[in-house]
Amino acid sequence: MSLFRSIYCAALTVAAVTAHGSHEQSVLSCQHPSYQSHIVSKSPLVIYLDGFLTPDEQVHLQATTKDTFSRSAVADQAGAQGQRQTRTSQSTNIEREDIVRCIEERALLFQGFDTPRASLEPLQLVKYGKGERYHFHTDWFTNPGHASSAVGGNRASSFFVYVSAENITGGGTNFPMVAPPHDERWCDAGFVDCDEPWDNGVTFRPVVGNAIFWQNLLDDGAGDQRTLHAGLPVTGGEKIGMNIWTRQGVLSEDIRGKD
């Protein structure tokens, strides 16, 4: 089964669960929210998730990472990590405990039963204050050294989850090569910035608890250039987001940490 078909079926399952207002009990005793999924684009695959993160999870993530943020690093074409003007946010990895394991499980279940937990990178929070941004980039690696089988391959998929958006203006997530949806309900719900010119692609507003999911790679494993995106500058307030990255293969315990 293709990744698109697996995720499409998962999206239909989530929608059915939501319609009945029930919660799925997982093997980890996680109470997953009845979030709704909306397909934005089938090629590249981009899906919007409404209510992916619960209010309690939002509070917990902020409390456990308080005072742990540092300036975000970016790898250059040679693979060297460093601070760049293209990314001016702060970031921190999230310590794995039961609540975080439940968020990981939710991300895995959305992608189908065949995605192993060891394919998930450690979850990362990113914080953007006024004037901070992340210029256009892809989540998949262009440097083969960062995408070898020894490090789990390339990033097959991404979630970007909005954890906090305190008094926020600006700070949207822009995909310039993804056509914006035309239905007015995207605007009415506040999911999409409908004031952006359509030739700028689609810009998602930072709505707390919601998430964007997208597939990074083409069927042959090559990076999909159409997943180019940017964290637009915050013009007021503060935004905290969460990156959930899934690799093609499995990550060693040295990279991923203990479960």
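**Cavity lining, sheet and core of the predicted model**

The lining of the largest cavity consists of seven nonpolar, three polar and three charged residues. The structure is a predicted model, and it holds one cavity of 30 Å³ or more. The space in the largest cavity amounts to about 70 Å³. It is lined by 13 residues, of which Pro-180, Val-192, Asp-193, Cys-194 and Trp-198 are the closest to its centre.

An open sheet is formed by eight strands, which follow one another in the order β1-β2-β12-β9-β14-β7-β6-β3 with antiparallel pairing. The edges are β1 (residues 36–42) and β3 (residues 70–71), each of which pairs on one side only. At the β1 edge, six bridges join β1 to β2 in the antiparallel sense. One of the bridged pairs is formed by Lys-42 and Leu-45, the latter in β2. The loop between β1 and β2 contains Pro-44. The peptide bond that leads from Ser-43 into Pro-44 is cis, with omega near 0 degrees.

Further along the sheet, β7 (residues 124–128) has β6 and β14 as its neighbours in the strand order. Strand β6 (residues 90–93) pairs with β7 over four bridges, in the antiparallel sense. Within this pairing, Gln-90 has Lys-127 of β7 as its bridge partner. The pairing of β7 with β14 (residues 234–247) is also antiparallel and extends over five bridges. Here Tyr-128 is bridged to Lys-239 of β14.

Strand β7 is mostly covered, and five of its five residues are buried. In a regular strand the side chains alternate between the two faces of the sheet. In β7, one side carries Gln-124, Val-126 and Tyr-128, and the other carries Leu-125 and Lys-127. The residues on both sides are buried, so that both faces of the strand are covered under the 20% limit of relative accessible area that defines burial.

In soluble globular proteins, nonpolar side chains tend to be buried together. The largest nonpolar core of the model comprises 25 residues, and those that touch the most other members are Leu-49, Leu-61, Phe-159, Met-242 and Ile-244. At least two residues of this core are supplied by each of β2 (residues 45–50), α3 (residues 98–110), β9 (residues 155–170), β12 and β14. The largest share, five residues, comes from the helix α3.

Several polar and charged residues within the strands are also buried. Arg-155 lies in β9, and its relative accessibility of 10% places Arg-155 in the buried class because that value is under 20%. The side chain of Arg-155 makes a polar contact of 2.7 Å with the side chain of Glu-121. Gln-215 belongs to β12 (residues 211–215). With a relative accessible area of 13%, Gln-215 is likewise buried. A polar atom of the Gln-215 side chain lies 3.3 Å from the backbone oxygen of Leu-217. Arg-247 is part of β14, and a relative accessible area of 9% makes Arg-247 buried as well. Trp-140 is separated from Arg-247 by 107 residues in sequence, yet the C-alpha atoms of the two residues are 9.4 Å apart in space.

Two residues other than glycine have a positive phi. For Asp-67, which is not a glycine, phi is about 65 degrees. Asp-67 is placed in the loop between α2 (residues 55–64) and β3. Its relative accessible area is 73%, so Asp-67 counts as exposed, the limit for that class being over 50%. Asn-167 is not a glycine either, and its positive phi is about 50 degrees. Unlike the loop residue Asp-67, Asn-167 lies in a strand, β9. Asn-167 is also exposed, with a relative accessible area of 65%. Strand β9 thus includes the exposed Asn-167 as well as the buried Arg-155.

Key
Residues are numbered from 1 along each chain as its sequence is written. This is a predicted model: local features need pLDDT of at least 70, side-chain atom pairs count only at pLDDT 80 or more; totals for chains, interfaces and linings use all residues. Side-chain values use heavy atoms; hydrogens and water are left out. On a 1 Å grid over the protein atoms alone, a cavity is a set of points where a 1.4 Å probe fits but cannot get out, and a pocket is an open set with protein on both sides within 12 Å along at least five of seven lines; lining residues have an atom within 4 Å of a point. Grid points are joined across faces, edges and corners, and a volume is the space filled by probe spheres set on the points. Ala, Val, Leu, Ile, Met, Phe, Trp, Tyr, Cys and Pro count as nonpolar, Asp, Glu, Lys and Arg as charged, and the others, Gly among them, as polar. Buried means under 20% relative accessible area, exposed over 50%, partly exposed in between (1.4 Å probe, protein chains only). A polar contact is a pair of N or O atoms within 3.5 Å; within protein, one must be able to donate a hydrogen and the other to accept it, and residues adjacent in sequence count only if both atoms are side-chain atoms. Two strands pair if DSSP finds at least two bridges between them. A nonpolar core is a set of buried Ala, Val, Leu, Ile, Met, Phe, Trp, Tyr and Cys residues joined through side-chain atoms within 4.5 Å.
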